[in-house]
Amino acid sequence: MPGISLSFSSTSMAESSIANAAALELEKSPLAHLQDRKLGIALVGLGGYSSDQLAPALQETKLCELKGIVTGSPDKASNWKKKYSLQDKNIYNYENFDSIKDNPDIDIIYVVLPNSMHAEYTIRAAKAGKHVICEKPMAINVKEAEEMIAACEQADRLLSIGYRLHFEPHNLAMTQYREARTFGELSKVYAMDGMKIEPGVWRLNKQLAGGGPLMDVGIYCVQAAIYTTGQLPIAVTAKEGVKTDKEKFREVEESLKWTMEFPHGVLAECTTSYAEEMNVLRAEASKGWFALEPAYEYKGINGKTSQGKIEMPQVNQQALQMDDFAKCVLTKTKSKVPGEMGLRDLKILMAIYESARSGEKVSIAQSWLTK
Ligand code: NAD
């Protein structure tokens with residue numbers, strides 16, 4: 001298995017880890033000749049994810065750095081300005097955001113707003129001539145996602161989705177085990193992602209979030225099922241869970257279970273919830289199993305197989321993800337987590353909702369998913 005080292009004994013932790021390999025690759029990279037400065041990233045929306053994950057990660061990135069912010073709150077602007085030594089000219093609000101087009105310090109705009117605002121800000125960013133990273137879920141419907149891709153294409157800008165787990169060694173190992181048939185032929189995947197949510201937040205507002213836990217954390221199960229099986233689903237069957245708190249979950253589902261059917265009879269059984277903590281990815285194969293728990297967290301991903309522990313380093317997923325995109329921009333290469341992947345996932349999420357609504361199995365044409 002080139003580029004990845006899997007070992008089962010806790011004493012034989014591989015130094016040639018994905019993270020180290022990635023760091024080495026960046027250090028000796030010919031990119032150094034392409035680049036006289038780190039690419040500037042502006043974060044749009046300074047909520048929990050920007051504050052607690054992305055801005056700290058941008059202190060560790062090698063090819064890009066935090067250069068600007070876009071916020072509706074003057075208080076946040078002044079705190080961030082101090083904390084990250086930002087220049088006044090790189091601080092924007094939602095009204096003057098479009099003038100960012102004239103700012104050569106900003107190469108990449110990272111949209112970290114409530115889901116329903118992703119399309120508008122991605123399209124405005126592309127029109128301002130900037131490359132874009134947009135958080136998951138890419139948008140709240142398929143039409144918006146298609147418009148975002150078209151806007152970036154039209155502006156000749158790259159678009160990537162914040163799918164950080166594609167840069168996380170344990171999650172990458174799930175793909176590698178299946179590809180190498182280390183545990184034989186894959187037969188079944190289980191993916192569960194849930195958390196307890198407090199009342200009154202935008203995630204419970206259908207207009208802002210587009211849906212409930214499926215849009216927010218269930219999307220990780222859809223992603224995981226695809227990278228673990230290496231295939232696209234041909235059908236989904238879904239059932240919404242009973243609402244135990246009808247007031248809190250007035251607008252969106254509280255929980256949802258669904259099955260994804262893959263070619264050759266492989267199934268993925270998935271669950272998501274806003275009322276229960278769960279964080280599991282498990283694959284069963286003809287000669288054993290391999291699993292992660294927690295699987296989708298920012299830190300502390302833990303893996304086991306039927307042969308023992310998965311020894312992989314803990315990495316800063318967001319730093320690797322953003323550096324990878326910066327590398328794509330510098331080398332004019334499509335991201336491995338492009339807008340098209342975000343669109344594909346939205347189509348699957350919509351099929352899951354359709355099945356939950358109708359009570360019927362919903363078939364998915366592969367040609368439609370990749371269109
Ligand atoms: P948050 O509630 O902590 O922050 C949202 C930000 O948007 C706040 O700064 C808020 O002021 C701003 N905002 C602007 N207009 C708003 C409006 N009308 N209503 C509410 N807020 C408004 O949310 P978050 O957790 O930072 O999530 C932001 C995005 O990032 C979401 O799309 C989410 O799915 C995504 N996210 C991704 C990950 C990941 O692991 N990739 C993790 C967390 C969040």
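**A parallel sheet and the largest pocket**

In this predicted model, strand 1 (residues 39–44) and strand 4 (residues 108–111) run parallel to each other and are paired over four bridges. Within this pairing, Ile 41 has Ile 108 of strand 4 as its bridge partner. Helix 3 packs on the sheet, where it touches strand 1, strand 2 (64–70) and strand 4, and the direction of helix 3 makes about 165° with that of strand 1. Helix 4 (residues 74–83) likewise packs on the sheet, in contact with strand 1, strand 2 and strand 3, its direction making about 155° with that of strand 2.

The sheet to which these strands belong is open and comprises six strands in the order 3-2-1-4-5-6, with parallel pairing. Its edges are formed by strand 3 (91–92) and strand 6 (159–161), each of which pairs on one side only.

The largest pocket of the model has a volume of about 830 Å³. It is lined by 36 residues, of which Tyr 49, Lys 136, Arg 203, Asp 216 and Tyr 298 are the closest to its centre. Two or more lining residues are given by each of helix 3 (48–57), strand 7 (186–196), helix 9 (213–229) and strand 11 (275–285). Helix 3, which also packs on the sheet, gives the most to this lining, with five residues. Sorted by class, the lining of the largest pocket consists of 14 nonpolar, twelve polar and ten charged residues.

Note on methods. Residues numbered from 1 in each chain as written. Predicted model: local features only at pLDDT ≥ 70, side-chain atom pairs only at ≥ 80, totals over all residues. Heavy atoms only, no water. 1 Å grid on protein atoms, 1.4 Å probe; cavity = no way out; pocket = protein on both sides within 12 Å on 5 of 7 lines; lining within 4 Å. Points joined across faces, edges and corners; volume = space filled by probe spheres on them. Nonpolar A, V, L, I, M, F, W, Y, C, P; charged D, E, K, R; others polar. Pairing = 2+ DSSP bridges. Contact = heavy atoms within 4.5 Å. Axes fitted to C-alpha atoms, helices over the stretch in contact; angles between N-to-C directions.
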